[in-house]
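Visitor: I am new to this structure and would like to be walked through it slowly. Could you show it to me before we begin?

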Amino acid sequence: MTTATDTPARHAAPARHAAPARNGARKVRLRGERSPLASVALHLTLIIASVIAVFPVLWVLLTSLKPAELATTTDFFRETTFVNYTNLIRDTEFLNWFANSVIISALSTVIGVFVAATTGYAVSRFRFPGKRGLMWTLLITQMFPVAVLIVPIYNIMSSLGLLNQPAGLVITYLTISVPFCAWMMKGFFDTIPREIDESGEVDGLTPFGTFFRLILPLAKPGLAVTAFYSFITAWGEVAYASAFLVGDENLTLAGGLQKFVNQYGAQWGPMTAASVLIAIPAALVFLFAQKHLVTGMSAGAVKG
C-alpha cells in the first residue's frame, strides 16, 4: 500500500537533479562563447574588410564631385560640384548608352530566365534522348574564355546581319548566362518534391500548366538568382559590346565608358560620374532580389 509520505518523496526526486542539469547547460553555453581577445580580433577584421570594400566606391563617388583640375588629388571637399554629371548628360551620348543598356539587359534577363527555367525543369523532370549530352554541353560551354569565343561569335553575327544590332548582343549574352543558369535551376527544381507534379496531373494540368501554375511560384528564389545573374552579365559586359557595336549612338554603357580613356590620358570627371550612374540600376536590382539570392543559390547548389 502506498502511504501519504511516499508521494512527496517520489515527486521531489527529479528536483534534486534539476540544479546540476542547469549548471551543465550553463557551462556548455560558456564554452561556446568567444574570449574578449577573439571578439576584438573578429570585429577588427570585419572593420578592415569593410573599409577595403567601401574605399574604392567612396573614392569614385568623391572624385565625381570634384572639378577636373582636382581629379587626381586627395582634396575631396575643397570644391564640391556636379558639373561632371551635367556635362556627362549634356555633352555626350550617355542617355542613349543608358537606354541601349536598359533594353539589352531587360531582354537578356527576361529571355534568359524563361529559357533557363524551362531547360532546368525539363532536365530535372523528364527523360529524353540526348539528356546527358545536353547537360555536358551546358557544362562545357562554361569552360571557354571570352577571348576564344569572341571571333567565332562575331563571324556568326556578321553572317546573320546582327552586328551593330541589340538583338546580336542579346543572343550573345544568352549564350553566356543560360548554360550556368540552367544548371542552377535544374538543381533547384530537384529540391521541389515530384508529388507536386503528380498532383497537377491528377487535377488535369498539362506539363506546361503544372510548370507555370504550380512549380514556378515555388521557384521564386531560383528565378531571382537567374534574373540577377542574367542582368549583371548584360549590364556590365565590355568585350562583346565593344566588338559588336560601333557608333556613339549605338554603344552600351560599358562601351561608352571607353570614350573617356585614350592613349593621351583619361577624363576622370565624366568617367567617374558615369560609373556612379551605372552602378545605381545594378544596386537597385540587387536590393530587389537580395532576399531571394541566398536561398536560391544554396538551393541550386544542393544537387547538380
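**A nonpolar patch and a nonpolar core**

Guide: The largest share of the nonpolar patch, three residues, comes from helix 5, which spans residues 131-140. Please keep in mind that this is a predicted model.

Visitor: What is the area of the nonpolar surface patch?

Guide: The patch is made by Trp136, Leu139, Ile140, Met143, Phe144 and Val148. Taken together, these residues form a nonpolar surface patch of about 590 Å².

Visitor: Is methionine 143 buried or exposed?

Guide: Methionine 143 is placed in the loop between helix 5 and helix 6. Exposed means over 50% relative accessible area. Because methionine 143 has 58% relative accessibility, this residue counts as exposed.

Visitor: Which helix supplies the largest share of the largest nonpolar core?

Guide: The largest nonpolar core has 32 residues, of which Leu88, Phe94, Leu169, Tyr173, Tyr240 and Phe244 touch the most other members. Several helices each supply at least two residues of this core, including helix 4 (94-125), helix 7 (166-190) and helix 13 (268-300). The largest share, seven residues, comes from helix 13.

Visitor: Where is asparagine 164, and what is its phi?

Guide: Asparagine 164 is among the residues touched by phenylalanine 244, when residues up to four places away in sequence are not counted. Its place is in the loop between helix 6 and helix 7. Most residues other than glycine have a negative phi. Asparagine 164, although it is not a glycine, has a positive phi of about 60°.

Notes
Residues are numbered from 1 along each chain as its sequence is written. This is a predicted model: local features need pLDDT of at least 70, side-chain atom pairs count only at pLDDT 80 or more; totals for chains, interfaces and linings use all residues. Side-chain values use heavy atoms; hydrogens and water are left out. A nonpolar core is a set of buried Ala, Val, Leu, Ile, Met, Phe, Trp, Tyr and Cys residues joined through side-chain atoms within 4.5 Å. Buried means under 20% relative accessible area, exposed over 50%, partly exposed in between (1.4 Å probe, protein chains only). Helices (H or I, at least four residues) and strands (E, at least two) are DSSP runs, numbered from the N terminus. Contact means heavy atoms within 4.5 Å. Patches are made of residues with over 30% relative accessible area and no salt bridge: like charges are joined within 9 Å, nonpolar side chains (Val, Leu, Ile, Met, Phe, Trp, Tyr) within 5 Å. Accessible areas come from the Shrake-Rupley method with a 1.4 Å probe; for residues, only the protein chains shown count as cover. A salt bridge is a side-chain nitrogen of Lys or Arg within 4 Å of a carboxyl oxygen of Asp or Glu.
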